[in-house]
Amino acid sequence: MNVPGRSAFRAGKAPAVGAALILAAALGCATPPGGAGTPEWTAELTDTERASVAAALPAEAVDELLPLSSLFYERITSRRFNSRATFEDPSVRQFFPTLAAYSDYYAALVDDLDRANIEFNRPTRIDLLGIEVGPGGNLFLSLRFTGDNDLPLRWWNATLERTDEWSWRDGRWYVVPGKV
């Protein structure tokens, strides 16, 4: 059925909608690639933090830490965490010494994301805020997880700040789960 004026309405709105979509895509693609959805994974680190990490660890551990942590958090960015497919992904599991350690970390992260009201437990960006060296040589990475807000009528992002522990053992880095 042909309604007078209806096609003109659609024709008038189509260019505006198309232009908005192109602009949104261009802005999304303009972000330079970097660790965990951020332009620069190490941008927030101070020289003092870098020096304390370098002094506390072997050179090999220092060289591997930032690229490896960036890779880990990239793999968990934009993934739904309350899904079996994410839980069974071997590319994420390899950062843990045992399946039990991975299960503990995963459960704690899902719970934290849920309490922070991050929609679908899917962080869209993870920022490295700082690094502290613990007494046993473990590192504590301060992180900010950001995602769409799961609460109704809240168009702004939800955030979660948490600290992950990393341990250098047997020539490689592992993520240490917290207490569940």
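Which elements are included in what covers the buried residues of α6? I began my entries with this question, and I note that the model is predicted, so that local features need pLDDT of at least 70 and side-chain atom pairs count only at pLDDT 80 or more, while totals for chains, interfaces and linings use all residues. Residues are numbered from 1 along each chain as its sequence is written, and side-chain values use heavy atoms, with hydrogens and water left out.

Entry on α6. I found that the cover includes α3 (59-76), α4 (84-87), α5 (90-93), β2 (139-148), β3 (157-169) and β4 (172-176), where helices (H or I, at least four residues) and strands (E, at least two) are DSSP runs numbered from the N terminus. The residues of α6 that I list as buried (under 20% relative accessible area, 1.4 Å probe, protein chains only) are Ala 101, Tyr 102, Tyr 105, Tyr 106, Ala 108, Leu 109, Val 110 and Leu 113. Helix α6 spans residues 99-115, 17 in number, and reaches 24 Å from first to last C-alpha, close to the 24 Å expected at 1.5 Å a residue, the expected span being 1.5 Å times one less than the number of residues. After α6 comes Asn 117, with a positive phi near 60°.

Entry on Thr 77. I located Thr 77 in the loop between α3 and α4, and it counts as buried because its relative accessibility is 10%. Its side chain reaches the backbone oxygen of Tyr 73 at 2.6 Å.

Entry on the chain. I recorded 6 helices and 4 strands, and buried residues make up 33% of the 180 residues.

Terms used. Buried < 20%, exposed > 50% of the residue type's maximum accessible area, 1.4 Å probe, protein only. Contact = heavy atoms within 4.5 Å. Polar contact = N/O pair within 3.5 Å; in protein donor to acceptor, adjacent residues only side chain to side chain.
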